[in-house]
Amino acid sequence: VVSTQSTGSREKVSTYITWVNNQLARGVNTQPISNLERGISDGVTLPQLLQILGEEAVPEVVIPPKTDAFRKQNIRLCFQYLQQRHIHPRNSTAPDVSNGNVK
(Lines give C-alpha, C1' and ligand atoms only; values in the text may rest on other atoms or scores of the structure.)
Protein backbone atom coordinates (compact mmCIF):
# COMPACT_ATOMS: atom_id res chain seq x y z
CA VAL A 1 0.00 0.00 0.00
CA VAL A 2 1.38 3.41 -1.00
CA SER A 3 0.52 6.28 1.31
CA THR A 4 -1.04 9.46 -0.04
CA GLN A 5 1.93 11.46 1.25
CA SER A 6 4.49 9.43 -0.71
CA THR A 7 2.34 9.63 -3.84
CA GLY A 8 2.06 13.40 -3.39
CA SER A 9 5.80 13.62 -2.84
CA ARG A 10 6.50 11.64 -6.04
CA GLU A 11 4.13 13.93 -7.94
CA LYS A 12 6.00 16.99 -6.62
CA VAL A 13 9.35 15.55 -7.69
CA SER A 14 7.93 14.72 -11.11
CA THR A 15 6.65 18.30 -11.42
CA TYR A 16 10.08 19.69 -10.49
CA ILE A 17 11.81 17.43 -13.01
CA THR A 18 9.40 18.55 -15.74
CA TRP A 19 10.00 22.22 -14.87
CA VAL A 20 13.79 21.79 -14.83
CA ASN A 21 13.71 19.97 -18.18
CA ASN A 22 11.49 22.66 -19.72
CA GLN A 23 14.02 25.30 -18.64
CA LEU A 24 17.00 23.24 -19.82
CA ALA A 25 15.33 22.83 -23.22
CA ARG A 26 15.79 26.60 -23.68
CA GLY A 27 19.56 26.27 -23.29
CA VAL A 28 22.39 25.14 -25.52
CA ASN A 29 24.14 21.79 -25.04
CA THR A 30 21.94 20.82 -22.10
CA GLN A 31 20.66 17.37 -21.26
CA PRO A 32 17.32 16.61 -19.60
CA ILE A 33 17.37 14.99 -16.18
CA SER A 34 15.41 11.95 -15.07
CA ASN A 35 16.41 11.99 -11.40
CA LEU A 36 16.20 15.25 -9.45
CA GLU A 37 18.85 14.41 -6.85
CA ARG A 38 21.45 13.19 -9.35
CA GLY A 39 20.60 15.87 -11.90
CA ILE A 40 20.94 18.84 -9.60
CA SER A 41 24.02 17.47 -7.83
CA ASP A 42 26.02 16.57 -10.96
CA GLY A 43 27.84 19.94 -11.05
CA VAL A 44 26.59 20.62 -14.58
CA THR A 45 22.81 20.94 -14.51
CA LEU A 46 22.56 23.56 -11.75
CA PRO A 47 25.04 25.98 -13.39
CA GLN A 48 23.29 25.50 -16.74
CA LEU A 49 19.87 26.07 -15.18
CA LEU A 50 21.04 29.25 -13.44
CA GLN A 51 22.58 30.51 -16.68
CA ILE A 52 19.30 29.98 -18.51
CA LEU A 53 17.25 31.65 -15.79
CA GLY A 54 19.69 34.46 -15.05
CA GLU A 55 20.78 35.02 -18.64
CA GLU A 56 24.44 34.99 -17.59
CA ALA A 57 26.90 32.25 -16.78
CA VAL A 58 27.84 31.42 -13.22
CA PRO A 59 31.47 32.60 -13.03
CA GLU A 60 34.33 30.12 -12.70
CA VAL A 61 32.39 26.87 -13.03
CA VAL A 62 34.20 23.99 -14.71
CA ILE A 63 31.97 22.08 -17.12
CA PRO A 64 32.23 19.21 -17.17
CA PRO A 65 33.72 18.94 -13.69
CA LYS A 66 36.80 16.76 -14.03
CA THR A 67 36.80 15.61 -10.40
CA ASP A 68 34.40 15.36 -7.50
CA ALA A 69 36.10 18.41 -5.99
CA PHE A 70 35.23 20.45 -9.12
CA ARG A 71 31.64 19.14 -8.99
CA LYS A 72 31.30 20.33 -5.39
CA GLN A 73 33.01 23.62 -6.26
CA ASN A 74 30.53 24.20 -9.10
CA ILE A 75 27.65 23.77 -6.67
CA ARG A 76 29.27 26.12 -4.12
CA LEU A 77 29.78 28.70 -6.89
CA CYS A 78 26.09 28.39 -7.82
CA PHE A 79 25.05 29.10 -4.24
CA GLN A 80 27.43 32.09 -4.11
CA TYR A 81 25.93 33.33 -7.40
CA LEU A 82 22.45 33.13 -5.86
CA GLN A 83 23.52 34.85 -2.64
CA GLN A 84 25.11 37.70 -4.59
CA ARG A 85 21.69 38.24 -6.15
CA HIS A 86 20.01 38.17 -2.74
CA ILE A 87 18.40 34.80 -3.44
CA HIS A 88 18.59 32.47 -0.46
CA PRO A 89 17.30 28.94 -1.08
CA ARG A 90 15.25 27.82 1.89
CA ASN A 91 16.26 24.63 3.66
CA SER A 92 19.03 23.89 1.18
CA THR A 93 22.78 24.40 1.24
CA ALA A 94 25.59 23.71 -1.19
CA PRO A 95 26.71 20.65 0.85
CA ASP A 96 23.11 19.35 0.85
CA VAL A 97 22.91 19.58 -2.93
CA SER A 98 26.43 18.14 -3.36
CA ASN A 99 25.32 15.12 -1.36
CA GLY A 100 22.14 14.70 -3.43
CA ASN A 101 19.85 15.94 -0.65
CA VAL A 102 17.46 18.09 -2.63
CA LYS A 103 14.84 19.46 -0.25
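Which residues are buried in α3? In this predicted model, the buried residues of α3 are T45, L46, P47, Q48, L49, L50 and I52. I will start from that helix and work outwards.

Helix α3 covers residues 45–54. Seven of its 10 residues are buried, so the helix is largely enclosed by the rest of the structure. Just after α3 comes E55, and its phi is positive, at about 60°.

Now, what surrounds α3? One neighbour is a residue of helix α1, which runs over residues 4–24. The residue is Q23. Is Q23 buried or exposed? Its relative accessibility is 12%, so Q23 counts as buried. Leaving out residues up to four places away in sequence, Q23 touches L49, I52 and L53. Of these, L49 and I52 are on the list of buried residues in α3. Q23 also has a partner along its own stretch of chain: its side chain and that of R26 are joined by a polar contact of 2.4 Å.

The next neighbour is helix α4, residues 68–84. As background, a packed pair of helices is described by the angle between the axes and the distance between them. For α3 and α4, the angle is about 25° and the axes are 9 Å apart. How do the two helices run, then, roughly parallel or roughly antiparallel? Angles under 35 degrees count as roughly parallel, and α3 and α4 are therefore roughly parallel to each other. Their crossing is left-handed.

Which residues make this contact? From α3 there are L46, P47, L50 and G54, and from α4 there are N74, C78, F79, Y81 and L82. By type, the contact residues are seven nonpolar, two polar and no charged. If you look at the spacing of such positions on the model, a general point helps: an α-helix has 3.6 residues a turn, so residues three or four places apart point the same way. Note also that L46, P47 and L50 appear among the buried residues of α3.

Between α3 and α4 there is a loop, and I want to show two of its residues. E60 lies in this loop. Its phi is near 70°, a positive value in a residue that is not glycine. E60 has a relative accessibility of 63%, so it counts as exposed. P64 is in the loop between α3 and α4 as well. What is the peptide bond from I63 to P64, cis or trans? The bond is cis, with omega near -5°. P64 counts as exposed, because its relative accessibility is 52%. Along the chain, P64 and N29 are 35 residues apart, while their C-alpha atoms are separated by 12 Å.

After α4 comes another loop, the one between α4 and α5, and H86 is in it. Here too phi is positive in a residue other than glycine: the value for H86 is near 60°. H86 counts as exposed, because its relative accessibility is 69%.

Last, helix α5, residues 94–98, which includes S98. S98 is buried, with a relative accessible area of 10%. Which residues does S98 contact, apart from its neighbours within four places in sequence? They are S41, R71, K72 and I75.

To go back to where I began: α3 is largely enclosed by the rest of the structure, because seven of its 10 residues are buried.

Methods: Residues numbered from 1 in each chain as written. Predicted model: local features only at pLDDT ≥ 70, side-chain atom pairs only at ≥ 80, totals over all residues. Heavy atoms only, no water. Buried < 20%, exposed > 50% of the residue type's maximum accessible area, 1.4 Å probe, protein only. Helix = DSSP H or I, 4+ residues; strand = E, 2+ residues; numbered from the N terminus. Polar contact = N/O pair within 3.5 Å; in protein donor to acceptor, adjacent residues only side chain to side chain. Contact = heavy atoms within 4.5 Å. Axes fitted to C-alpha atoms, helices over the stretch in contact; angles between N-to-C directions. Parallel < 35°, antiparallel > 145°, perpendicular 65-115°, else oblique. Left-handed = near helix turned anticlockwise from the far one by under 90°. Nonpolar A, V, L, I, M, F, W, Y, C, P; charged D, E, K, R; others polar.
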